[in-house]
Amino acid sequence: IEESENYAVREGECIFEVKASGICGSDIPRVFSNGAYFYPIVVGHEFSGIVKESRNRELVGKRACVFPILPCGKCNFCQKQQWASCINYDYYGSRRDGGMQSELLIKESNLVFLPDNVSYEAGAMIEPMAVCLHAIKKANISGSSSVLVYGAGTIGLLSAMWARNFGAKSVLIA
């Protein structure tokens, strides 16, 4: 990516300098198995960094991670503010270039600001952590629950952690 002077920063957008990016299991087939919407593509939908440039001067220098879904704002789900269910969404790292680059243009509404005590590396893990938290909340885990997590990748390990934090009596990983 060229220097930020090549970006036209419009209202509601910022130039985001990436400091950390995770590799999701979905990135591998997206790159190697013709799973992308276009090529070449820059993958990476779990990333964090700092706002480098914005028309809103208060945002410059703020640390954040990025919510990767870009909802259409028009469908029935968007009207109910159910952004993750949008039927006409765009997506950083999949349907448009993502966070495996030094900087990119981000919609300011997709920024999730990080407190100073959260590292950029931990900030890049917020998206997969949120995915796992959503799944575990749907499971209605209680203190008498035994949980089996199938898969010991990032999502499996994070899900096991959340299950334990929600009070599962035992957590097994296969």
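Guide: Accessible areas are computed here by the Shrake-Rupley method with a 1.4 Å probe. With that in hand, the protein chain has an accessible surface of about 10,100 Å². Carbon and sulfur atoms account for 54% of that surface. Keep in mind that this is a predicted model.

Visitor: Which elements does the protein chain have, and in what order do they run?

Guide: There are five helices and nine strands. Starting at the N terminus, the order is β-α-β-β-β-α-β-β-β-α-α-β-α-β. The C-alpha atoms occupy a box of roughly 55 × 40 × 35 Å along the principal axes.

Visitor: What share of the residues is buried?

Guide: A residue is called buried when its relative accessible area is under 20%. Of the 174 residues in the protein chain, 39% are buried.

Visitor: How do I read one residue, say Ser94: is it buried or exposed?

Guide: Compare its value with the cut-off. Ser94 has a relative accessible area of 5%, so it is buried. Ser94 sits in the loop between β5 (90-91) and β6 (103-107). Setting aside neighbours within four places in sequence, the contacts of Ser94 are Arg30, Tyr37, Phe38 and Ile41.

Visitor: And where does Ala130 lie?

Guide: Ala130 belongs to helix α4. Its relative accessibility is 42%, and therefore Ala130 counts as partly exposed. The C-alpha atom of Ala130 is 23 Å from that of Leu104, and the two residues are 26 apart along the chain.

Visitor: What do contacts say about the chain as a whole?

Guide: Look at how far apart in sequence the partners are. Taking contacts between residues at least 6 apart in sequence, 67% of them join residues at least 24 apart.

Visitor: Which strands pair with β2?

Guide: Count the bridges and note the direction. Strand β1 (residues 13-21) pairs with β2 through seven bridges in the antiparallel sense. Ile15, for instance, has Glu53 in β2 as its bridge partner. Strand β2 (residues 47-54) is also joined to β3 by three bridges, again antiparallel. There, Gly49 has Ala64 of β3 as its bridge partner. As for cover, six of the eight residues of β2 are buried.

Visitor: Which other strand pairs with β3?

Guide: Strand β7 (residues 111-113) does, over three bridges and in the antiparallel sense. In that pairing, Val66 has Leu111 of β7 as its bridge partner.

Visitor: Which residues lie on each side of β3?

Guide: For a strand, take the two faces separately. In β3 (residues 63-66), Arg63 and Cys65 are on one side, while Ala64 and Val66 are on the other. These residues are all buried, and both faces of the strand are covered.

Visitor: How do I read a helix such as α5, and what span does it reach?

Guide: Set the reach from first to last C-alpha against the expected span. Helix α5 (residues 154-165) has twelve residues and reaches 16 Å, close to the 16 Å expected at 1.5 Å a residue. The buried residues of α5 are Gly156, Leu158, Ser159, Ala160, Trp162 and Ala163. Their cover includes α4 (126-138), β8 (146-149) and β9 (170-173). After α5 comes Gly167, with a positive phi near 95 degrees.

Visitor: How many positive and negative side chains are there?

Guide: The protein chain has 17 positive and 17 negative side chains. The numbers do not show where the charges sit, so to speak of placement one compares the centres of the two sets, which lie 11 Å apart.

Definitions and conventions:
Residues are numbered from 1 along each chain as its sequence is written. This is a predicted model: local features need pLDDT of at least 70, side-chain atom pairs count only at pLDDT 80 or more; totals for chains, interfaces and linings use all residues. Side-chain values use heavy atoms; hydrogens and water are left out. Helices (H or I, at least four residues) and strands (E, at least two) are DSSP runs, numbered from the N terminus. Buried means under 20% relative accessible area, exposed over 50%, partly exposed in between (1.4 Å probe, protein chains only). Contact means heavy atoms within 4.5 Å. Lys and Arg count as positive and Asp and Glu as negative; His and the chain ends are not counted. The expected span of a helix is 1.5 Å times one less than its number of residues. Two strands pair if DSSP finds at least two bridges between them.
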